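Q: I would like to learn how to read the empty spaces and the ligand site of a structure I have not seen before. Could you take me through them step by step?

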Amino acid sequence: MTQPPLTAQTALYAVLGDPVEHSLSPVFQNAALEAGGVDARYVALRMSPEELPDFLKGIRHSNIKGFNATIPHKEALVKLCDKLSKEAQLIGAVNTVSVKAGKLHGDNTDGAGFLESLTDEGKFDPKGKKVCLLGAGGSARAIGYSLAKAGAAQIVIANRTAPKARALADDLGAKVKKTKFSASSHRSSELSRAVEGADLLVNATSVGLGGRGIISLPWGVLPKPALIADIVYEPRLTPLLTEAKRRKYKILGGLGMLVHQGALSYEIWTGTKPDVAKMRKAADKALRDREG
Ligand code: ATR
């Protein structure tokens with residue numbers, strides 16, 4: 001499909017963050033808008049938390065029809081939106097906002113994006129499975145919630161700061177009663193219990209970003225058919241995935257989650273399904289070019 005030329009009617013979408021200069025979203029969202037023949041463009045806007053409320057006031061009746069939010073805005077938007085989806089309420093964070101008749105609708109597609117990547121690319125169905133989830137921040141919360149909703153039998157949340165793992169396990173456990181949530185620290189004896197018999201291990205921390213760091217794991221007790229997933233997508237092969245691959249585990253990188261959360265945002269904004277394969281190809285190429 002051909003994309004209409006830029007005019008005064010062209011809609012604008014954006015990703016708001018600070019920093020935001022390295023975001024891949026403009027690359028793959030514009031690829032999708034172009035493929036879909038949508039009269040819209042997508043840009044990155046650097047925005048501080050102090051500037052956000054004024055920005056939100058200004059866009060209600062403008063050509064800005066929606067935006068994605070990244071660090072540090074996801075939690076603040078819960079209070080700043082007029083309406084919230086069930087996911088955004090339960091996760092306590094907003095990554096997608098659509099502007100409809102002057103009102104801001106907040107949604108969260110991070111967890112569902114992870115799940116689509118997991119089932120689509122990872123060929124993994126979490127139903128009835130044991131998961132070890134590393135991290136207890138916003139990403140872990142979204143992923144933990146989505147895995148539980150998808151029927152995971154057991155989720156052990158393992159975090160460096162153990163009380164945060166406990167708090168998240170208690171909170172999610174109260175929201176999705178069918179899944180057994182428990183908490184662990186990163187101490188080796190506790191981590192051993194957390195990964196023992198696990199079908200899936202997810203790194204939902206920022207460890208490994210930029211190719212630096214790895215959380216030390218008791219690999220000996222982690223079953224061989226387990227899938228090792230990382231939400232970090234830069235570099236594509238993080239230290240965790242490199243080690244898992246060396247040990248012959250199945251692996252899943254973070255780029256699929258990024259693209260799928262964006263595809264779900266696109267669907268919320270335009271009411272149509274984007275060409276996810278084209279989005280993925282554009283994201284892959286941008287990352288490859290950057291990695292050199
Ligand atoms: P996000 O929104 O991406 O989840 P976040 O809410 O700041 O970001 O959470 C970051 C997560 O990465 C936390 O679980 C954090 O652990 P702590 O709660 O102990 O801080 C984890 N994390 C960051 N750096 C880490 C490191 N060097 N080792 C282990 N965990 C780390």
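The dialogue below goes from the ligand to the pocket, the cavity and some points of the backbone.

Q: What should I know about the model and its numbering before I begin?

A: This is a predicted model, in which local features need pLDDT of at least 70 and side-chain atom pairs count only at pLDDT 80 or more, while totals for chains, interfaces and linings use all residues. Residues are numbered from 1 along each chain as its sequence is written, and side-chain values use heavy atoms, with hydrogens and water left out.

Q: Which residues surround the ligand?

A: A residue is counted as near a molecule if one of its heavy atoms lies within 4 Å of it. Here the ligand has around it G135, A136, G137, G138, S139, N159, R160, T161, K164, T205, S206 and V207. Sorted by class, this shell holds two nonpolar, eight polar and two charged residues, where Ala, Val, Leu, Ile, Met, Phe, Trp, Tyr, Cys and Pro count as nonpolar, Asp, Glu, Lys and Arg as charged, and the others, Gly among them, as polar.

Q: Which atom of A136 lies 2.9 Å from an oxygen atom of the ligand?

A: For A136 it is a backbone N or O atom that lies 2.9 Å from a ligand oxygen. In N159, a side-chain N or O atom is 2.8 Å from an oxygen atom of the ligand, and in R160 a side-chain N or O atom is likewise 2.8 Å from a ligand oxygen. Taken alone, the ligand exposes 650 Å², of which the protein buries 68%; such areas come from the Shrake-Rupley method with a 1.4 Å probe.

Q: How is empty space found, and what is the volume of the largest pocket?

A: Rolling a probe the size of a water molecule over the atoms shows where empty space is left. On a 1 Å grid over the protein atoms alone, a cavity is a set of points where a 1.4 Å probe fits but cannot get out, and a pocket is an open set with protein on both sides within 12 Å along at least five of seven lines, lining residues having an atom within 4 Å of a point. The largest pocket has a volume of about 1400 Å³, and of the 48 residues that line this pocket, T70, I71, S139, L209 and I231 are the closest to its centre. The space taken by the ligand is this largest pocket. Its lining residues divide into 20 nonpolar, 20 polar and eight charged.

Q: Which residues line the largest cavity?

A: L134, N203, T205, V207, I214, I215 and L240 line the largest cavity, which holds about 50 Å³ of space. By class, that lining has five nonpolar, two polar and no charged residues.

Q: Where are the cis peptide bonds that I should look at?

A: One runs from I71 to P72, with omega near 10 degrees. Another joins E234 and P235, with omega about 5 degrees.

Notes: Polar contact = N/O pair within 3.5 Å; in protein donor to acceptor, adjacent residues only side chain to side chain. Sits in = over half its atoms within 2 Å of the grid points. Points joined across faces, edges and corners; volume = space filled by probe spheres on them.
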